[in-house]
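Q: Please take a close look at the hairpins of this protein and the residues in their turns. Some context on the whole chain would help as well.

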Amino acid sequence: MANKSAPVCVVKHWQDAPKIDENTLSDDLTRHFYYTLGRDKVGESRLYLYHALALTIRDRLVARCRATKEHIKSKKTRKAAYLSLEFLMGRALSNAVLNLDLEEQVQAALQEYCTELEEVAQAEHDAGLGNGGLGRLAACFLDSCASLALPVVGYGLRYEFGMFNQTCEQGHQVEQPDNWLREGHPWELAAPEQARRVKFFGHVEVHTDKNGRQHREWLDTQDILAVPYDVPVPGYRNEVVNTLRLWKFRGN
């Protein structure tokens, strides 16, 4: 019996993925709404339409983010890291549509759902990652670096609760937590395989080996896992998309 040759396995590169551009935006929006999210109709709420549009725009951001990383790698350019406890980025949808120069295409696609971008954008919650000047300064810095095509990565914390909501009851201020993640955050890409173990507390013991050299060992620590979530940061109409990496606490 003749030996059958084994099929050739060709590993596809990200550049081999189907092309997405302004001409496919309407079809991509429909696909995400009906298939990714499994919706049948828009209804009174614009929440699922917002998520479908966010995923549609995110596809384009991811493609540009990969291209940006490949360009930096090919040029062997160093990247700068910007660390901040807060990143008050604001709402992402309108900013991304503006920076990608897709306003006309998005408005045309939303007309098929009898709505407009301004109405859909109201369904987005502000990312609760800061409460004032420090967070806004960090966000503006990342936006500026992307618009100037500077290779900068932001690093921060993915807070579960953001800026608190306050009311006045019987003359006293009452604070309520801002659960900004309650309806999901479609702009982020989780990378659990890149989780890192972070140690706290414990003590250090010193050991001396047979050659008389001292070694220190960190023992009895309380460990947590930090899981990264990547959020794209687009530059203004220059095809550059940098990254904001936020770390989420997860128990062992």
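A: What follows goes from the overall fold to the two hairpins and then to a contrasting site in a helix.

The model is a predicted one. The protein holds six helices and 10 strands. Its radius of gyration is 23 Å, whereas a compact globule of 252 residues would have one near 18 Å. Along the principal axes, the C-alpha atoms fill a box of roughly 90 × 75 × 40 Å. Of the 252 residues, 35% are buried. The exposed surface of the protein comes to about 16400 Å², and carbon and sulfur atoms supply 52% of that area. Among contacts between residues at least 6 apart in sequence, 68% join residues at least 24 apart. There are 31 positive and 34 negative side chains in the protein, and the centres of these two sets lie 11 Å apart.

One hairpin is built from E3 and E4, with two residues between the strands. Strand E3 covers residues 165–169 and strand E4 covers residues 172–176; the two pair in the antiparallel sense over five bridges. Two of the facing positions can be named. Glutamine 166 stands opposite glutamate 175 in E4, and threonine 167 has valine 174 of E4 as its bridge partner.

The turn of this hairpin contains glutamine 170, which sits in the loop between E3 and E4. Glutamine 170 is not a glycine, yet its phi is positive, at about 55 degrees. Is glutamine 170 buried or exposed? The cut-off for exposed is over 50% relative accessible area. Glutamine 170 has 81% relative accessibility and therefore counts as exposed.

The other hairpin consists of E9 and E10, with six residues between them. These strands run antiparallel and are joined by 10 bridges. Proline 232 has threonine 243 in E10 as its bridge partner. In the turn, arginine 237 has a positive phi of about 50 degrees.

Glutamate 239 belongs to the loop between strand E9 (222–234) and strand E10 (241–250). This residue, too, has a positive phi without being a glycine; for glutamate 239 the angle is about 70 degrees. Its relative accessibility is 51%, so glutamate 239 counts as exposed.

E10 has a further pairing outside the hairpin. Strand E2 (residues 152–157) pairs with E10 in the parallel sense, over five bridges. In this pairing, leucine 157 stands opposite tryptophan 247 in E10. E10 thus takes part in an antiparallel pairing with E9 and in a parallel pairing with E2.

For contrast with the exposed turn residues, consider leucine 110, which lies in helix H4 (residues 103–111). A residue is called buried under 20% relative accessible area. The relative accessible area of leucine 110 is 0%, so leucine 110 is buried. Neighbours within four places in sequence aside, leucine 110 is in contact with Leu29, Leu49, Leu53, Thr115, Glu116, Leu117 and Val120. Arginine 64 is 46 residues from leucine 110 in sequence, and the C-alpha atoms of the two are 23 Å apart in space.

To return to the turns, glutamine 170 in the E3–E4 loop counts as exposed at 81% relative accessibility. Glutamate 239 in the loop between E9 and E10 counts as exposed at 51%.

Technical notes:
Residues numbered from 1 in each chain as written. Predicted model: local features only at pLDDT ≥ 70, side-chain atom pairs only at ≥ 80, totals over all residues. Heavy atoms only, no water. Helix = DSSP H or I, 4+ residues; strand = E, 2+ residues; numbered from the N terminus. Rg over C-alpha atoms; globule rule 2.2 N^0.38 Å. Buried < 20%, exposed > 50% of the residue type's maximum accessible area, 1.4 Å probe, protein only. Contact = heavy atoms within 4.5 Å. Areas by Shrake-Rupley, 256 points an atom, 1.4 Å probe, with all protein chains shown as cover. Lys, Arg positive; Asp, Glu negative; His and termini not counted. Charge placed at Lys NZ, Arg CZ, Asp CG, Glu CD. Pairing = 2+ DSSP bridges.
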